[in-house]
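Student: Could you take me through one chain of this model in some detail? I would like to hear about its make-up, its surface and its contact with a neighbour.

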Amino acid sequence: MNTRTIVTTLMVLVGLGLMVVSYVFLATPTCNTSIACSNPVMPFSAGIFVVGILIAFTSAIFYTVYKGSE
Amino acid sequence: MAKYAMAVDLDRCQGCRGCMEACKIENNTPQAVFWMYVFRTETGEYPDTKMSFLPRPCQHCNNPPCVKVCPVGARFRREDGIVLTDPERCIGCRYCEVACPYGVNYYNWRKPDAAFGAYDMDYSDPDVAAVTGGVIPSYKNPDLDLLQGDEQRLTAGGAHSVGVMEKCTFCVHRVDKGLNPACVDVCPVHALHFGDIEDPESPVSVYLRERSSFKLLDELGTDPSVIYVGGAPPGSETREIERPLTEVRS
Amino acid sequence: MTTEAMPQREHTQDAALPQGIGRLTPGWIVFFAAMAAVTAIGMYAYFLQVTNGLIVTGMRGLGTMLGATWGLYVAYYVYFIGVSFAGITVAALIRIFRITKLEPVARIGELLTVVSLILGALAIMADLEKPWRAVVNLIQYGRPQSPFFGTFTMVIAGYLFASLIYLYVTSRRDAAILAEQPSRFQKLYRILAAGYEDTPSQRIIDRRATFWLALAIIPLLVIAHSTVGFVFGLQVGRPGWFGALQAPGFVVLAGVSGIGNLIMLAAIVRWATNTRDRITVDAFAWLAKLLLGLLITYLYFTVVEVLTVTYQAGEVERTLSDALLTGTYAWIFWGAIVSLISAAVLLIWQAVTRKWSIGLIFAAGALVNVGAVAKRYLIVVPSQTHAQLLPYPTGSYTPNWIEWAVVLGLFALGALMIGVFMKVFPIVPLEEAE
């Protein structure tokens, strides 16, 4: 394991983690029509979901641009 | 918690469209927008034709497709069954409109201020002023701008701002005060009945108790809160006749 | 992006840059000016729409207004998102199945994906009266239950961002090669190269990164095109939309229009950059075979759909299918079918004779796109005008000049983006310098 692999894996995991966590906090997909579901549990969780996607994919840039010993 | 419903007696409705007028006055809806709409339809071929009427408010479904598809939760269903739109949340994607099988959603295609009433008219014209007594319409019901219910949200009652979706609110501003929707109170033949369907003594429960009833497009699983008594659901032979002005002029 | 950014200077300095980068030929300037003019007309039309509201378009409400509340914008949004299929598919074919013949067209495909996704996002924004409020409210209150959530997050954020990263990762080596020689873009190339060194270990890293990216993007691609299908396929309220075939049909038609577009763009690039030796007829033949497979699948889907809505369908479904097959929309429907089938015939004939001609493949690419645009329009509009479930009379919708101007402006904007890219960066990957 080197720095490149560790950081890339971390970024992917953080991104996926943010996606999973924010998805749970979105206006929940488990209920259909209740008034409670018209608002997200945590505001901006959709934004966090998107940020999760961005972080996960940015890891590819780090992976290729990072200069380190193999 | 109350659960509001409306009973529409098709045997009583005479198609006067007084409810449509009451709705427009109560909710100050813009031109060509009919939150309450009464179909005047006929079936059969001349000379054996039969005319019938079908009032169509928002059905306030218990399983509303419009609420499901709203990407931002602007369309919501209160615990008491009233389906409302938050005009400050609405992004105007019109998904609720295409998802609704009843065609009850009205998008504000233009700024409604110029024609808040029914017609574009120069109210300062002396001839017009002689008739109106100098009163300039665009009266606005102040109750419509109030935040409603436990959630304290706007309800598409009064904003009428361009680029958002609006529809029948069951006159939520009146219901929360203990009144009936405007269309129900104005009906001259008591074809419309409103109340808490979970209360066995409410007008709507009493009315429905001994009559057979149907719901519009029940097969789609939307489970409307508007229940029709008497008459028959519109079939494939039903043709609409006599339409009011339904064009939005640009 | 104005011409000032790229002043016409002496040619000596950039003579070494390949594929005509940095050299403004008269033809390119005419192209740029024409596309800029069309874009400007589109922006003017959009300006009229922003100031007056969507009332200036041909769209009107459903129900009593008897219009179509989704019109040309949504149809072209669906089309543009579909076109984005091409890039990642080709990239995946190269990285995962190692089809090296397609490598010269890989960057064209990736660029096409990025550009068409941007155009799709702009098309849906044009459909919204308050685009800024839409962005803020979607980020703040987005609900995954709405199929539009997938559109906004997965497609526009995820898919577009992933494609941009893919484009960058696969372009870095070329940037490093170009940064070695003096040119007016040398600084840009240096920044893009970000210290790239063409070592064997770096190549292994690149290969690994692009492989995993391609693997990660493929499910995203299926999800993205399916969510666009779900926008329609989950709605019982509009006859003609509800159905399990909607999502897979969208994925396949996306492939047809995307590969068709890629073929056309690759042929134009081949002619414009004089890279006939790089983009071979073999590469076109590969794309043509891929297109043929997708096209036949799509035609099969169409037969299944038509049979389903005509065999023993309900009254409203019948009204809708009559409008499609023999009524108001028949000329669009049969026009689409004729162009898709003639494209298939063109491709099959070449496949049977094993003689591939770029001209004929180009023609097939153009035909499938005509068919795809028509089919997208037919998915969006007729179910609104001809399939009301209550006794509303039949509606009508005719897009007016504002909508056409905005859509054509989007096409021109896309052409501008690709045209400018071609003058700044090699659109055909540079050959291995051995």
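Tutor: Happily; let us take chain A. Of its 70 residues, 39% are buried, where buried means under 20% relative accessible area, exposed means over 50%, and partly exposed lies in between (1.4 Å probe, protein chains only). This is a predicted model, in which local features need pLDDT of at least 70 and side-chain atom pairs count only at pLDDT 80 or more, while totals for chains, interfaces and linings use all residues. Residues are numbered from 1 along each chain as its sequence is written, chains are lettered from A and ligands numbered from 1 in the order in which they are written, and side-chain values use heavy atoms, with hydrogens and water left out.

Chain A has 2 helices and 0 strands; helices (H or I, at least four residues) and strands (E, at least two) are DSSP runs, numbered from the N terminus. Among the contacts in chain A between residues at least 6 apart in sequence, 65% join residues at least 24 apart, a contact being heavy atoms within 4.5 Å.

Now to the surface. Chain A exposes about 3500 Å², and carbon and sulfur atoms supply 77% of that area; accessible areas come from the Shrake-Rupley method with a 1.4 Å probe, and for residues only the protein chains shown count as cover. A nonpolar surface patch is formed by A:V20, A:V21, A:V24, A:F25 and A:V41, which together have about 430 Å² of accessible area. Patch members have over 30% relative accessible area and no salt bridge, and nonpolar side chains (Val, Leu, Ile, Met, Phe, Trp, Tyr) are joined within 5 Å, like charges within 9 Å. A:V41 sits in the loop between helix 1 (3-25) and helix 2 (45-65) of chain A. A:V41 counts as exposed because its relative accessibility is 55%.

Finally, the neighbour. Here 6 residues of chain A are in contact with 13 residues of chain B. In chain B, the residues that lose the most area to chain A are B:K68, B:R77 and B:E79, together 41% of what that side buries. Helix 2 (65-69) and strand 4 (75-77) of chain B each supply at least two residues of the side that touches chain A. About 710 Å² is buried between the two chains, 51% of it from carbon and sulfur atoms; buried area is the accessible area (1.4 Å probe) that two parts lose on being put together, summed over both. The rule finds 0 salt bridges across this interface, a salt bridge being a side-chain nitrogen of Lys or Arg within 4 Å of a carboxyl oxygen of Asp or Glu.
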